[in-house]
Amino acid sequence: MRAAIFRKGNFVLGDVPDPQPQPGQVLVRTKSCGICGTDLHAARFTKDFVSLASRTGGRWTMDTERDVVFGHEFVGEVVANGPGTEGKFKPGQLVTSMPLTLAGNTVIGLGYNPDMAGGFAEYMPLAERMLLPLPAGMEPDHAALTEPMAVGIHAVEHFGVNNAEVPLVIGCGPIGLATIAALKLHGHAPIIAADFSAGRRALAKKMGADIVVDPAVESPYQALERAITPDDYDASRYAALFGLGPKRRPAVLFECVGVPGVMTAMMEGAPAGARIVVVGVCMQPDEIEPYFGIVKQLSLQFVLAYNAQEFAATLGHIGAGRLDVRPLITGRIGLAEVGQAFQDLANPETHAKILVEPWR
């Protein structure tokens, strides 16, 4: 089958072996697959990506010397049921899945696995027990965004972000936009979002942000201070010491950039007592100044991905229109164009989410 193969730093169009479904697996034809920010990291910082995967427990089996077929944000069409399946899904049925498959009791990740192609290939052998049917009437391409949107849902739900907190989202790439949409879904207001890109700020508004800030013009932390502070708030040390006067609303900040230095800037800019949820994946070493966290009594929390329940719920939200992913889809390409798309995604004004259509 055809695939966009990542080979030692470059993408090439080529052929890889057709998958042979193992017991419990279903052969699925890939309809579309999103390019993820983690894919961009893996392609640009491959050695770091592989090293970190090894040092953190072998979450991915990617090898710098072996070909790999990326793609973990996918939707597909059932082609055939493999041995030992129950036949829950008929040929032609549209499905999605978390980016993994099962061979017996062995969990096999998809997207960074040199032994099994991900969604930048024509077919995948997915586990029947992991498949989710698309809700009736759902646009197939929208299901490909279940995975990144589930990351936003998890970021908001995992630590119990509550409606009393005023959220500030730093970085409005796909994960920041997914976080904004999740906050909107849960009724948070006002939602403040900040990004240097005018295009991404416009998308943030479409996804539910109430206030958007260009950090080159205004500090997003000043915007947050205004949102949490009542008009008659007494900022004197005496009032703070004895708890006098009206209280400020608590704040929660989401780091959705994944670039060294952002956490430190957020700790310096955050109001006292705030918590910072780190969603962006930073592949390089970083440093923080603990004094800001100590003096302000900040909480620094980290999140990753989602669980099965959140993934399924996200698909339902998209299918029902509670999460509108249409603004995020800014391009569709074939396998031969994957390398160029990775370059194009470096420009935040041009694209948010490009979908790879292997049969295009």
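Me: What makes helix α9 count as lying across β10, β13, β14 and β15?
Reply: Contact does, and contact means heavy atoms within 4.5 Å. In this predicted model, α9 (residues 262-269) lies across those four strands. The helix runs at about 165° to β13.

Me: Which sheet do these strands belong to, and what is its strand order?
Reply: The order is β12-β11-β10-β13-β14-β15. This is an open sheet of six strands, with parallel pairing.

Me: Why are β12 and β15 called edge strands?
Reply: Each pairs on one side only. β12 spans 211-213 and β15 spans 299-302. As for twist, neighbouring strands of this sheet are turned by 20° against each other on average, direction ignored.

Me: How do you know that β10 and β13 pair?
Reply: Pairing needs at least two bridges between two strands. Residues 166-170 of β10 and 251-255 of β13 share five bridges, in the parallel sense. Therefore they count as a pair. Within this pairing, Val 166 stands opposite Ala 251 of β13.

Me: What holds paired strands together in general?
Reply: Backbone hydrogen bonds, in parallel or antiparallel arrangement.

Me: How do you know that the buried residues of α2 are on the same side?
Reply: The buried residues are Thr 46, Phe 49, Val 50 and Ala 53, in a helix that covers residues 46-55. They cover an arc of only 95° around the axis, so they share one side of α2. An α-helix has 3.6 residues a turn, so residues three or four places apart point the same way.

Me: What do the two sides of α2 face, packing or exposure?
Reply: The buried residues pack against β1 (2-7) and α1 (37-44). On the other side, Lys 47 and Arg 55 are exposed. After α2 comes Gly 57, with a positive phi near 110°.

Me: How do you know that Cys 33 is in no disulfide?
Reply: A disulfide needs two cysteine sulfurs within 2.5 Å. For Cys 33 the nearest cysteine sulfur is that of Cys 36, 9.4 Å away. So Cys 33 fails the cut-off. A search of the whole structure finds zero disulfides.

Me: What makes Cys 33 buried?
Reply: Buried means under 20% relative accessible area. Cys 33 has 0%, so it counts as buried.

Me: Why is Cys 256 not bonded to Cys 172?
Reply: The two sulfurs are 8.0 Å apart, too far for a bond. Cys 172 holds the closest cysteine sulfur to that of Cys 256. At 9% relative accessibility, Cys 256 is buried.

Me: Why is the peptide bond from Ala 189 to Pro 190 worth a look?
Reply: Most peptide bonds are trans. This one is cis, with omega near -10°. Pro 190 sits in the loop between α5 (174-185) and β11 (192-194).

Me: What makes the phi of Gln 297 stand out?
Reply: Most residues other than glycine have a negative phi. Gln 297 has a positive one, near 55°. The residue lies in the loop between α10 (290-296) and β15.

Me: Why is Gln 297 called exposed?
Reply: Exposed means over 50%. Gln 297 has 65% relative accessibility, so it is exposed.

Me: Where is Ala 305, and why is it called buried?
Reply: Ala 305 is in the loop between β15 and α11 (308-319). Its relative accessibility is 17%, so it counts as buried. Ala 305 has a positive phi of about 60°, although it is not a glycine.

Key: Residues numbered from 1 in each chain as written. Predicted model: local features only at pLDDT ≥ 70, side-chain atom pairs only at ≥ 80, totals over all residues. Heavy atoms only, no water. Axes fitted to C-alpha atoms, helices over the stretch in contact; angles between N-to-C directions. Buried < 20%, exposed > 50% of the residue type's maximum accessible area, 1.4 Å probe, protein only. Arc of directions from axis to C-beta.
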